[in-house]
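Biologist: I should be grateful for a close look at a single helix and the way in which its neighbours pack against it.

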Amino acid sequence: MKIMIRINSYILTVLLLSLSGLLSAKGAVRIHCAEDTVKVNRILKAAAERGGSFGDRCAFVAREMAGTKLGEAPDNDSIGTLMVDFHAMDRMGFINNVMALAEASTRTIPRFEEYVNFLERYSRRKGKDEGFASQFLYGSDWIVDNVYRGNLKDMTEYLTGGGFKVKTLDYVSHHPELYPALKDSLTMEKVKMMEMGFRSHRIPHLKKQSITNKSVQELLENGDIIMMLSNEIDKDVHDIGFVEMREGVPYLIHFSEEEGAVTADPYPLSRLFKLENQRFYGYRWLRPYDQ
């Protein structure tokens, strides 16, 4: 019996790794290990059973990812194509993975392959993985492309009392030592061309104080995305996460600096804004759409 169990476990691992190899061969995604495939399928099953709106599913999946470590984006390497890795990820990777899992869970039979397709759609320019240069290296780039393709709605413009801040987003090309793929001159040129579109970029934002307004809180929904905007001159994202409404009050599920991992904050979003007050100047409010 023990021998059979070992053999079956071995076969399962081989099958999962074979799936990884097949997907990688098509250029769609690389998989860090079989454990990640198992985790994806577990979350898909749980989200499908829970049901609810797309926003509800985003909030649920975000909670299911609690404990995921904050780290380097797994696809920030010399290859640069998609990689599934739940051992650690960056902030935008968290957002894209949650949306992809939530949307895949709406299908009649939620499958790993569907999740992979949606991950590519949300995390790559025009929804097509063409290596490192097709990644969204700035939040503004991610918003522009996904709004245009109908994956997001920028709710920021629907509230009055905000404004615009002009920034030139060129951090990546100015720090090539942090991005192994930029050793390739063609990739570097593609990234520079992308950054040219974000010179003197007007970033809309809402004032931090508005998050305490009852009228704003009444408009927020489960699964909405709050992007806190960085004070750094060549970056745009300080923090980002999913709204979870609890008794009519918005909370955030995001990468906690203190925990170094995905955390469902025990205190309201308004308190988080006060705690982080000196580190960001305003925020953007986004609503994910399923297709």
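Modeller: The account below takes helix α4 of this predicted model as its subject.

Helix α4 covers residues 91–104. At 1.5 Å a residue, its 14 residues should span 20 Å, and the C-alpha atoms at its ends are indeed 20 Å apart, so expectation and model agree. Of the 14 residues of α4, 14 are buried, which means that the helix is largely enclosed by the rest of the structure.

One neighbour is helix α3, residues 54–64, which packs with α4 at an angle of about 125 degrees, the two axes lying 8 Å apart. Angles over 115 and up to 145 degrees count as oblique, and α3 and α4 are therefore oblique to each other. Their crossing is right-handed. On the α3 side the residues are Phe54, Arg57, Cys58, Val61 and Ala62, and they meet Phe94, Val98, Met99, Leu101, Ala102 and Glu103 of α4. By class, this contact of α3 with α4 comprises 9 nonpolar and 2 charged residues, with no polar ones.

Another neighbour is helix α5, residues 112–123, whose axis is 8 Å from that of α4 at an angle of about 135 degrees. The pair α4 and α5 is therefore oblique as well, and the crossing of α4 and α5 is right-handed. Here α4 contributes Asn96, Asn97, Met99, Ala100, Leu101, Glu103 and Ala104, while α5 contributes Glu114, Tyr115, Phe118, Leu119, Arg121, Tyr122 and Ser123. The contact of α4 with α5 divides into 8 nonpolar, 3 polar and 3 charged residues.

Met99, Leu101 and Glu103 of α4 take part in both contacts.

Technical notes: Residues numbered from 1 in each chain as written. Predicted model: local features only at pLDDT ≥ 70, side-chain atom pairs only at ≥ 80, totals over all residues. Heavy atoms only, no water. Axes fitted to C-alpha atoms, helices over the stretch in contact; angles between N-to-C directions. Helix = DSSP H or I, 4+ residues; strand = E, 2+ residues; numbered from the N terminus. Parallel < 35°, antiparallel > 145°, perpendicular 65-115°, else oblique. Left-handed = near helix turned anticlockwise from the far one by under 90°. Contact = heavy atoms within 4.5 Å. Nonpolar A, V, L, I, M, F, W, Y, C, P; charged D, E, K, R; others polar. Expected span 1.5 Å × (residues − 1). Buried < 20%, exposed > 50% of the residue type's maximum accessible area, 1.4 Å probe, protein only.
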